[in-house]
Amino acid sequence: MSGIYIHIPFCKQACYYCDFHFSTSLKKKDDLILALIKEIELRKDELKNETIETIYFGGGTPSLLSNSQLLLILNSVYDNFNVVKNPEITLEANPDDLSKKRIKSLTNTPINRLSIGIQSFFEDHLKVMNRAHNAQESKDCLSVATQYFNNITIDLIYGIPNMSLKKWGQNLEMAFNFGVNHISSYALTVEPKTALDSFIKKGTYPPLDETLALEHFNYLVKSTKNEGFIQYEISNFGKPNYFSKHNTSYWQGKKYLGIGPSAHSFLGDQRSWNVSNNTKYIKAIQNNKLPITVEKLSKIDRFNEYIMTGLRTIWGVCFNKVEEEFGLVFLQHLKKTSRKFIDQGLLIAESEEQEILLTTQKGKFLVDGIASELFMI
């Protein structure tokens, strides 16, 4: 089973914290859609022996595309790949694009999952982030969307400077009250060369507070658990049967194809990515060329990736799998390097039929640093 990710590189305006590839000019939208369809055709043999289980429209803001434009792309996927009977098809959307009329119309398409970029239900937070929607639009779109779709995930951001624990709790409470079955929640981070990075350096925005972010994270974990959510990945919380199949395939090392400018692909022993420039992307595809960079993955690369993704999830890192796929030397290295983190209560080795290395609650907030120390160099 494999997935297809389609990157729609357009946004109404730039969020201050974002470092994804996008353009606020929609002038090339029609050319871009034709290029996406052509790239799908050019790459159909890359997953020819695979069955497509998930299709994900990400961005950018895919909800800026009309239903007919989304259907053109979806039809191309169906024409060129072997798609399962009921695939998970996700559309990332912003609240300001989800009017009642648009939500109802989406039920007439194969799209069956919405990923809505709420980020916060409070006006002051949205302004600080330069979001295109307002707090009322967040509430209005969810009150309608939950009537027509039961598979909805929302994004929420924590660790915003000066956001009290009480206000963070109110954000979560509103999400619970709308009855969404999945929440993806991330700490506000400062990516190089973003507007947020510039504001902090100039002193016009307060620096991020890791202690505050940890406080918010711990509250998030506790409150979602009380509401029946399972933290199946560090930043992802789903009710039973509502985990993201598409994102889970990334963490479990399944193959996926990334279509569109800046999109990444993973085919087991190689990773590739498209050029992060709309004009260059369109021009190359029009000339029947793939604007792609390919990286062959060594055994060490694949081991390190398994450690990084495995420790982020409830499925952990399986010692038997490490020995079978990578060999005894890798297993011995992992057991040796993980020992100090087990002693510190940051990792735990669970043993039933096979030993699995998991991150403890205490270790979850530090998982990236822990994983890097377990890497084979």
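# A tour of strands, salt bridges and one surface patch

Select Ser351 and Glu355: Ser351 has Glu355 in E15 as its bridge partner. The model on screen is a predicted one. This pair of residues belongs to the contact between E14 and strand E15 (residues 355–359), which run antiparallel and are joined by five bridges.

**The sheet around E15**

Extend the selection to the open sheet, whose three strands come in the order E13-E15-E14 with antiparallel pairing. At its edges are strand E13 (317–318) and strand E14 (347–351), each of which pairs on one side only.

**From Glu355 to helix H13**

Go back to Glu355 and show side chains. Which residue forms a salt bridge with Glu355? The partner is Lys335, and the closest N and O atoms are 3.9 Å apart. Lys335 lies in helix H13 (residues 328–343) and Glu355 in strand E15, so the salt bridge ties together parts that are 20 residues apart in sequence. Both ends can be checked for exposure. Lys335 has a relative accessible area of 40% and is partly exposed. Glu355 also counts as partly exposed, at 27% relative accessibility; the class covers values between under 20% for buried and over 50% for exposed.

Stay on helix H13 and select Arg339 and Asp343. These two form a salt bridge, with 3.6 Å between the closest N and O atoms. Arg339 and Asp343 are four residues apart in the helix, so about one helical turn separates them. Is each end exposed or partly exposed? Arg339 is partly exposed, with a relative accessible area of 44%, while Asp343 counts as exposed at 59%.

**Lys12 and its acidic partners**

The structure holds 13 salt bridges. For another of them, select Lys12 and Asp96, where the closest N and O atoms are 2.7 Å apart. Where in the chain do Lys12 and Asp96 sit? Lys12 is in the loop between E1 and H1, and Asp96 is in the loop between E3 and helix H3 (100–106); the pair links distant parts of the chain, 84 residues apart. Lys12 is partly exposed, with 45% relative accessibility. Add Asp97 to the selection: Lys12, Asp96 and Asp97 are linked in a network of salt bridges. As background, side chains of opposite charge can pair when their charged atoms come close.

**Strand E2 and its neighbours**

Next select strand E2 (residues 51–59). How many of the nine residues of E2 are buried? Seven are, so the strand is largely enclosed by the rest of the structure.

Color strand E1 (residues 2–8) together with E2. The two pair in the parallel sense, over seven bridges. One position to pick out is Ile4, whose bridge partner in E2 is Ile55. Now trace the chain between the strands: the path from E1 to E2 goes through helix H1 (residues 29–42), and this β-α-β crossover is right-handed.

Then add strand E3 (residues 82–93), which pairs with E2 in the parallel sense over six bridges. Here Phe57 has Leu91 in E3 as its bridge partner. Helix H2 (residues 67–80) completes a right-handed β-α-β unit with E2 and E3.

**Strand E11 and its neighbours**

Move to strand E11 (residues 270–274). Four of its five residues are buried, so E11 is largely enclosed by the rest of the structure. Strand E10 (residues 264–266) pairs with E11 in the antiparallel sense over three bridges, and Ser265 stands opposite Ser272 in E11. Zoom in on the hairpin of E10 and E11. Three residues lie between its strands, and Gly268 takes a positive phi near 90° in this hairpin.

E11 also pairs with strand E12 (residues 292–296), in the antiparallel sense over five bridges. To find a point of contact, select Asn274 and its bridge partner in E12, Ile292.

**Last stop: a nonpolar patch**

Switch to a surface view and select Ile230, Ile314 and Trp315. What do these residues form on the surface? They form a nonpolar patch, and their accessible area together is about 240 Å². Ile230 is in strand E7 (residues 230–233). With a relative accessible area of 33%, Ile230 is partly exposed.

How values were computed
Residues numbered from 1 in each chain as written. Predicted model: local features only at pLDDT ≥ 70, side-chain atom pairs only at ≥ 80, totals over all residues. Heavy atoms only, no water. Patch = residues over 30% accessible without salt bridge, like charges linked within 9 Å, V, L, I, M, F, W, Y side chains within 5 Å. Areas by Shrake-Rupley, 256 points an atom, 1.4 Å probe, with all protein chains shown as cover. Salt bridge = Lys/Arg side-chain N within 4 Å of Asp/Glu carboxyl O. Buried < 20%, exposed > 50% of the residue type's maximum accessible area, 1.4 Å probe, protein only. Pairing = 2+ DSSP bridges. Right-handed = clockwise from strand over helix to strand, strands pointing away.
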